Amino acid sequence: MKKFLNSADTYLTDALAGFAAAHPDLAVDLENRVVTRARGAVPGKVGLVSGGGSGHEPLHTGFVGEGMLDAACPGEVFTSPVPDQVVAAVRAADSGAGVVLVVKNYTGDVMNFDLAAELAGDEGVRVETVLVDDDVAVQDSTFTAGRRGTGATLLVEKIAGAAAVRGDSLEAVAEVGRRVNAASRSFAVALTAGTTPASGRPGFDLPADEIEVGVGIHGEPGRRRERLRPAREIVADMVEAILQDRAPAAGEEVIALVNGLGGTPLSELYLVYGEVARLLGERGVRISRSLVGDYVTSLDMAGCSITLCGADPEMLALWDAPVSTPGLRWGM
Amino acid sequence: MDIELARAWVRAVAVAVEKNREHLSDLDAAIGDGDHGANLNRGFAAAAEAVEALQPETVGAVLVKAGTTLVSKVGGASGPLYGSALRAAGKRLTGASADPAEVAAALAAGLEEVRRLGGAQPGDKTMVDAYTPAVEAFTAAAERGAALAEAAQAAATAAEDGARATEPLQARKGRASYLGERSKGHEDPGAASTALVFRALADTAAAAG
């Protein structure tokens, strides 16, 4: 393993210290591990808070700023934050209008955010939770913990963030967030495993000529392993899996996200996007908005995820609203 | 069990987790993301330190403090699960000492909390598969009139058997459940760490003997 490290133990605080130095319009509380806007909560606006394991950058710290999150709480690498941290983020984000928590559906995240929501509620803060569970690779059933929350997290945070700026109530911001999640489906493929700084070795063994189809954002295996094939065939399977689960309704427009997992060049992601656009075009599905890049990563894992969100005009307008964060910026 | 023994137990778990840190992470790497050992080590090291500084009046206060520390240091699923189990157990032990029957009831309260939070049943390939037989064995021994050391020894053996028995199972809860069929063939890391916790209790009780 070759990584830029001082030591595995200080990886997170060193990274956050650098993040703070690079973004003076954000405030980074290194002790509590909470990232907020330097100017504090916006009076009268519903606060938006998210968090989860580190290692998925720019998610979530990179989405704090105008038009998106008010605070983020990064946990240890691939480990959810602790309740105290979430509560600190909620306090920072609350201006009296309440706080919406955006939580990815992973057992640890759900438990820690639930505990935090209870604690914050005890302090008198009104809290709503939006659970993100967009990954179709592992099927929901009575025997699993449900779908994983992955790429759609970005869409929920962007669109709910814009709704909060617009002045929507706590319930309305949460409602649009849930609507985005319900309309979103994702699927990921890994070409290589990522390496956590603590373990220093790849998270899973994947032979050089094989890919993991349906991988999770911590390297949790998906549906199957198969031989590496031309991108055209791999992407066709990914899009097929998504559309089989939720095909856009007639006339529905789609937001398409091709997301890198940290170790794949942008040129390859655009190549993948080209295949997605062609496949959807052939099916008569119209992509109204698109985004290509590293947004919800898994350290240095090579691979990509595809997220499709069937978007109504209101969601599209909120998507287009100005945003200014380290990881996402337009219209300002 | 008295306050000193409770404190020694937390300390012994911290030592055992540190010693088995790599092993737990290896088990986790097979079915999760490989940080179970590192996370628990961080948590129990802090818990041992926290109870060392404590001047408690009850046995339960030691366990509640250890549990609270785990919740606020570990994160992930193991922080809330282990932390809430210890807190629930500790809340049952309101005296300066506890007899084996009281300890059995406290351990059972911890198990109840784990099952409530995680929604896991025996056979789901989780810590419940080690915790459940351990509580049953401890309770049976206590009902026979066994001393703490003997009951804890029975619980430790049952937890270790339970952990080993998770190897062929398919995970149905937690992150490992996303593996489906492929989770078979690996011992569950949560069950393995639960076995360490009960072995530490047995060793501590034997030493206090």
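Buried area is the accessible area, found with a 1.4 Å probe, that two parts lose on being put together, summed over both. The exercises below apply this and related terms to a predicted model, in which local features need pLDDT of at least 70, side-chain atom pairs count only at pLDDT 80 or more, and totals for chains, interfaces and linings use all residues. Residues are numbered from 1 along each chain as its sequence is written, chains are lettered from A and ligands numbered from 1 in the order in which they are written, and side-chain values use heavy atoms, with hydrogens and water left out.

**Exercise 1. Describe how the two domains of chain A meet.**

Step 1. Begin with the bounds, which come from an automatic or database domain assignment: domain 1 of chain A covers 12–183 and domain 2 of chain A covers 184–324. Contact, meaning heavy atoms within 4.5 Å, takes in 39 residues from domain 1 of chain A and 40 residues from domain 2 of chain A.

Step 2. Turn to the area: domain 1 of chain A and domain 2 of chain A bury about 3,300 Å² between them, with 60% of it on carbon and sulfur atoms.

Step 3. Look for salt bridges, each a side-chain nitrogen of Lys or Arg within 4 Å of a carboxyl oxygen of Asp or Glu. There are 5 salt bridges between domain 1 of chain A and domain 2 of chain A, and A:Arg148 forms a salt bridge with A:Glu220, where the closest N and O atoms are 3.9 Å apart.

**Exercise 2. Describe the interface of chain B and chain A.**

Step 1. Count the residues and the area: the contact takes 25 residues from chain B and 33 residues from chain A, and the two chains bury about 2,300 Å² between them, 55% of it on carbon and sulfur atoms.

Step 2. Find the main contributors in chain B: B:Arg175, B:Tyr178 and B:Arg182 lose the most area to chain A, together 32% of what that side buries.

Step 3. Examine the charged pairs: the count between chain B and chain A is 2 salt bridges, and in the one formed by B:Asp26 with A:Arg201 the closest N and O atoms are 2.6 Å apart.

Step 4. Sort the residues by class, where Ala, Val, Leu, Ile, Met, Phe, Trp, Tyr, Cys and Pro count as nonpolar, Asp, Glu, Lys and Arg as charged, and the others, Gly among them, as polar. The side of chain B that touches chain A then has 9 nonpolar, 7 polar and 9 charged residues.
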